[in-house]
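Grab a pencil and work through these exercises with the structure open beside you. Each one comes with a worked solution, so try it yourself before reading on.

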Amino acid sequence: MLLYYLRLSALSYRRNPILSTLMVLAVAIGVGSYMVVFTLNYVMGGDPIPYKSDQLYHVSLDTGDPNHEDDPPEQLTYLDATALLDADRAFRETASSKFGGTIEPANPELRPFSIVGRGAMADFFPMFDVPFLFGSPWDAQADESMDNVVVLSRETNDRLFGGDNSVGESIIMNGEPYQVVGVINDWQPVPKYYDVNNGPFDSGEDAYIPWRILPAKNYSRPGNTNCWKAIDGRGADAFLNSECVWIQYWVELRDQNEAEDYLSFVNNYALQQKELGRFERPLNNNLFDVQEWMVEQEVLPDETRILSMLAGMLMAVCLLNTIGLLLSKFLGKSGEIGVRQALGANKRSLFIQHMIEAGFLGMLGGLLGLGAAAVGLRGIKYLLSSDFMVTDLIQLNVPVAMYTIALAVIATIVAGLYPIWRACNVNPAIHLKTQ
Amino acid sequence: MLEMSNISKVFRTEVVETHALRDFTLTVDQGEFVTITGPSGCGKTTFLNIAGLLENYTSGTYLLDGQDVSNLSDFQRAKLRNEKIGFIFQSFNLMPDLNLFDNIDVPLRYRGMKAGERKERIEHALESVGLASRRKHLPAQLSGGQQQRVAIARALVGQPLFLLADEPTGNLDSNTAMGVMELLQEINAGGTTIIMVTHDQELAETSKRNIHILDGQISNLPSVSQTASINPPAVSATV
């Protein structure tokens with residue numbers, strides 16, 4: 001009967017093309033506008049690593065100013081990061097931070113160019129499931145001995161080596177030779193959860209090197225650095241021994257027990273530091289998994305919430321219009337409904353027939369809404385500056401498209417429930433005489 | 001086959017009560033051709049709607065093929081309508097978007113019949129009303145008489161116990177009306193019971209039994225056909 005009912009739906013559309021088209025347009029506008037905002041939220045607020053987001057924890061140590069009641073700092077000091085690294089208590093862990101650099105290509109035809117790189121530990125790559133095109137990460141030994149090894153992004157590899165396998169090649173970065181050990185494939189987690197402090201929708205880094213090299217060689221730090229206390233002294237060592245925070249610290253813990261153990265460890269560490277005069281505020285250290293960290297950092301700006309509400313209201317208005325139009329359409333079919341009842345249709349089958357008709361209109365509205373959403377997203381991409389986020393990410397994908405159509409179908413069926421109920425409960429006898 | 005005893009139908013509003021049928025008692029046997037006549041508003045159509053299970057009655061008993069229909073669910077009533085009753089309406093009530101084949105297909109769809117059997121039955125029904133060659137035509141492409149033939153084919157295709165016809169010739173010119181009446185008589189001659197409401201006394205007289213309704217009751221005045229009837233009604237209608 002499903003195909004039969006679909007055919008009746010198509011015939012019904014043809015009988016009332018203007019009314020039906022108005023309904024489809026109402027659904028399309030409502031769903032399309034909602035999907036624009038939904039896609040933005042989906043891109044900006046989705047789980048970037050769903051299969052292990054509950055095993056990756058951002059470490060938050062409250063080394064903040066005791067004279068202010070603000071939140072704990074989002075990053076760690078050098079003292080704390082190195083202490084945690086040296087303790088080696090997590091299944092995997094990494095300190096990481098941005099660095100600025102200049103690469104001098106061996107090819108004399110290429111001019112030197114600036115890059116933004118990331119210092120990280122070897123664990124960074126397996127922790128965040130970074131995909132490799134060529135080679136592999138460096139090993140833990142390279143971390144400790146601060147070997148001059150580098151993992152290039154695909155773009156940097158393309159630029160320097162024309163996309164060839166460059167593993168084993170050497171590049172000059174910040175005036176020193178670095179050996180390429182790996183090239184990562186396209187990797188653009190959204191949000192960029194491992195470093196939301198420096199822009200949750202930034203693009204990835206151009207090169208990755210062992211993190212300990214950054215402080216050791218005093219590389220420039222283009223990322224956020226916050227100091228609540230004046231640095232005691234001058235020079236790099238004074239900075240490293242200060243209360244300035246500039247390092248993101250992540251651990252991978254395989255289960256809740258490991259998480260509890262690790263939190264207990266950092267609390268004990270903080271208590272020890274208190275004895276040394278640090279950690280002056282009440283104990284408030286935390287482990288945030290990926291999703292918790294996105295919420296804590298308010299990755300989704302308030303504007304998107306307001307937009308969501310507006311889009312939801314617009315969709316509600318469109319659906320209310322659809323209810324009115326469906327009421328008009330289905331009550332206009334009372335005669336046909338009466339005839340069908342006389343010929344043996346029960347109310348249930350009539351209800352199903354008209355639910356399918358509403359769903360059919362919803363599907364058409366959804367398809368049109370998909371087009372409207374695509375146009376809307378192009379507008380959003382045009383309006384948003386590329387500094388705000390990687391706008392190429394704002395696009396409809398298959399799950400979002402399917403969700404759009406499902407939403408349109410379900411919303412239209414829900415909007416149709418009352419009109420269908422009314423239409424199926426008319427007295428057929430009245431309409432059979434007067435049709 | 002159809003037994004109504006003391007059926008009453010009262011329409012109530014906040015201020016007024018209207019008795020459409022009062023203590024209406026009627027029995028129709030298998031194979032009869034019964035016409036129902038009476039002035040406008042006398043209750044003819046109400047009787048037809050109750051007989052066709054399209055409307056509930058206020059009191060009384062109605063047995064359809066021996067089954068008391070007073071407490072049936074919507075599903076059971078729809079099933080009975082589909083299997084035992086064929087409807088023919090004054091304004092044909094064909095579905096304008098569906099071609100003749102698909103119009104006749106509607107009751108069979110609700111019966112859940114398989115496609116092959118449906119096709120066979122529809123083609124036979126179309127042949128029996130002389131419209132087999134126009135199976136793909138839409139109703140609007142037919143004359144009134146042809147549309148009513150299609151409606152008759154639709155009513156017959158499910159092989160019902162009886163046909164309920166509400167002014168089936170009311171929208172037709174006299175020649176076409178006679179053609180439709182001849183077709184109905186042929187159908188009756190084949191054994192199908194027909195109950196027909198009509199304003200037309202002449203047409204009523206062509207049936208074997210005529211019931212006259214007045215103010216929701218069967219009138220005591222015998223109609224011409226009743227006095228002239230060779231075969232008296234199997235069960236008389238009483239107030």
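**Exercise 1.** Find out how many bridges join β1 to β2 in chain B, and then work out which strands sit at the edges of their sheet.

*Solution.* Keep in mind that this is a predicted model.
- Step 1: Go to strand β1 of chain B, residues 2-12, and follow its pairing with β2(B): eight bridges join the two, and they run antiparallel.
- Step 2: Pick one spot to check by eye: B:Phe11 stands opposite B:Thr18 in β2(B).
- Step 3: Now zoom out to the open sheet, whose four strands come in the order β2-β1-β4-β5 (chain B), with antiparallel pairing.
- Step 4: The edge strands are β2 (17-28) and β5 (67-68) of chain B, since each pairs on one side only.

**Exercise 2.** Decide whether A:Asp129 is buried or exposed, and do likewise for B:Phe92.

*Solution.*
- Step 1: Start with the backbone. A:Asp129 has a phi near 50 degrees, a positive value in a residue other than glycine. For B:Phe92, also not a glycine, phi is positive too, near 70 degrees.
- Step 2: Locate them. A:Asp129 is in the loop between α4 (124-127) and β5 (132-135) of chain A, while B:Phe92 is in the loop between β6 (85-88) and α3 (100-111) of chain B.
- Step 3: Recall the cut-offs: 20 or more other C-beta atoms within 10 Å counts as buried, 12 or fewer as exposed.
- Step 4: A:Asp129 has 12 such neighbours, so it is exposed. B:Phe92 has 24, so it is buried.

**Exercise 3.** Explain why the buried residues of α6(A) are on the same side of the helix.

*Solution.*
- Step 1: List the buried residues of α6 (residues 154-161) in chain A: A:Thr156, A:Asn157, A:Leu160 and A:Phe161.
- Step 2: These residues cover an arc of only 100 degrees around the axis, so they end up on the same side of α6(A).
- Step 3: See what they pack against: β4 (113-120), β6 (149-152), β7 (170-173), β8 (176-184) and β9 (207-210) of chain A.
- Step 4: Just after α6(A), spot A:Gly162, with a positive phi of about 65 degrees.

**Exercise 4.** Which helix gives the largest share of the largest nonpolar core?

*Solution.*
- Step 1: That core has 110 residues, and A:Val27 and B:Leu164 are among those with the most contacts inside it.
- Step 2: Helix α2 (residues 17-45) of chain A supplies the largest share, 14 residues.
- Step 3: Look around A:Val27: the residues it touches include A:Cys318, A:Leu361 and A:Ala408.

Terms used
Residues numbered from 1 in each chain as written. Chains lettered and ligands numbered in written order. Predicted model: local features only at pLDDT ≥ 70, side-chain atom pairs only at ≥ 80, totals over all residues. Core = buried A, V, L, I, M, F, W, Y, C linked by C-beta atoms within 7 Å. Contact = placed C-beta atoms within 7 Å. Arc of directions from axis to C-beta. Pairing = 2+ DSSP bridges. Lists of a residue's contacts leave out its neighbours within four places in sequence.
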